[in-house]
Amino acid sequence: MQILDGNLVSQATKDELKIKVAQLVMEGKKVPHLAAILVGTNGASETYVGSKVRTCEEIGFKSTLIRLEETISEYKLLTAIEELNTDPDVDGILVQLPLPKHISDERVINTIDPTKDVDGFHPVSVGKMVQSLPTFVPATPHGIMLMLEHYKVETKGKHAVVIGRSNIVGRPMSILLSANSNPGNCTVTLCHSQTKNLKEICRGADIIVAALGRPEFVTADMVKEGAIVIDVGITRVDDPSKKRGYSLKGDVKFDEVSVRSSFITPVPGGVGPMTIAALMMNTYKACMAKN
Ligand code: NAD
């Protein structure tokens, strides 16, 4: 069994970007600039946005964090996005999800200029991804593909089972794994909350991508010997033994599944860091399209 080490691969990706940014500076060119909008004070969102901004600083990108009140109107949020759309210095825009209930995710995503859509959620980006055209691929599935590539994990012809069909993880993951590419070329089964006989489907999988947000859902009896297991889940579970009062749990019961698998991602330290690295790559790409 080999651990797919997200910390290691993301560090390598960030180091490469750091060198590229230093080169841009030497040539007197513009450095990538990521603008993030955070609405409200959701604890997990604060953590995610915080680490995105810190990573920008670490690799030499410019970043802007716009904090808006939980009660902000949708109109004001859309106006803030439009301002970033027209700001020539801003290369990438992300609006941290989830948004408060009174704001439509769809209208927010559709307002972002597709050339700055580094999260890859805009329908233009999604359409291009489906057709395997160059575009911004959502950071989490993109990060997983980068990790499979880094470890030269053979995916061609394999049966991949993706659990979860969200627009940000499961569905794009199923599209990327089924594409005629390397990694890719899998036969994909996309499972969700209405799937019957999930256990049997998983038992037939060469690759399992668990992205459902149910702690330790995937157990050893669902995993074929030698399977490749990618754990996307991150759930905060109460843990009085921890100073912060919670620990992070993946969707896979790591201890028992890891002994059956050929490759597995840990939580934390697997898909999470790769998501940030992929976002940084998208931001660099957005900048280079103009540089
Ligand atoms: P979501 O809630 O939008 O989607 C969950 C999906 O799982 C749904 O499509 C649902 O149909 C499916 N599902 C729920 N219960 C199921 C069940 N019992 N059997 C089969 N399918 C079931 O979640 P999401 O935004 O896709 O995130 C999923 C998990 O990944 C969460 O834990 C989230 O925190 C985590 N996540 C991690 C990263 C990262 O960087 N590591 C990024 C995004 C999301």
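How many bridges join strand β2 to β3, and which way do the two run? Hold that thought while I set the scene.

What you have up there is a predicted model, so local features need pLDDT of at least 70, side-chain atom pairs count only at pLDDT 80 or more, and totals for chains, interfaces and linings use all residues. Residues are numbered from 1 along each chain as its sequence is written, and side-chain values use heavy atoms, with hydrogens and water left out.

Okay, the overall picture. The protein has ten helices and eleven strands; those are DSSP runs numbered from the N terminus, H or I over at least four residues for a helix, E over at least two for a strand. The radius of gyration is 19 Å, close to the 19 Å that the globule rule gives for 291 residues, so the protein is as compact as a globular protein of that length. That radius is taken over C-alpha atoms, and the rule is 2.2 Å times the number of residues to the power 0.38. Along the principal axes, the C-alpha trace spans about 50 × 40 × 40 Å.

The domain assignment gives domain 1 as 28-114 and domain 2 as 139-271, with bounds coming from an automatic or database assignment. Their C-alpha centres are 28 Å apart.

Now back to my opening. Seven bridges join β2, residues 33-39, to β3, and the two run parallel. Strands count as paired if DSSP finds at least two bridges between them. One of the partnerships is Val39 with Leu68 in β3. These strands belong to a three-strand open sheet, order β3-β2-β4, with parallel pairing. β3 (62-68) and β4 (92-95) sit at the edges with a single partner strand each, so one side of each has no neighbour in the sheet. The twist averages 15° from one strand to the next. Packed on that sheet is helix α3, residues 74-86, touching β2, β3 and β4, and its direction makes about 175° with that of β2. Touching here means heavy atoms within 4.5 Å, while axes are lines fitted to C-alpha atoms, for helices over the stretch in contact, with angles from 0 to 180 degrees between N-to-C directions.

There's another open sheet, with six strands in the order β1-β11-β8-β7-β5-β6, again with parallel pairing. Its edge strands are β1 (2-3) and β6, each pairing on one side only. β1 is joined by two bridges to β11, residues 263-264, running parallel, and Gln2 stands opposite Phe263 in β11. On this sheet we get α7, touching β5, β6 and β7 (207-210), at about 170° to β6.

What about helix on helix? α6 (139-150) and α10 (271-288) pack at about 105°, axes 7 Å apart. That makes α6 roughly perpendicular to α10; the cut-offs are under 35 degrees for roughly parallel, over 145 for roughly antiparallel, 65 to 115 for roughly perpendicular, and oblique for the rest. Residues in the contact include His142 and Leu146 of α6 and Met274 and Asn282 of α10.

Last, some backbone oddities. Most residues other than glycine have a negative phi, and most peptide bonds are trans. Leu97 and Pro98, though, are joined by a cis bond, omega about 5°, with Pro98 in the loop between β4 and α4 (105-111). Asn182 to Pro183 is cis too, omega near -5°; Pro183 is in the loop between α7 (170-178) and β6 (187-191). And Lys152, in the loop between α6 and β5 (159-163), has a positive phi near 50°.
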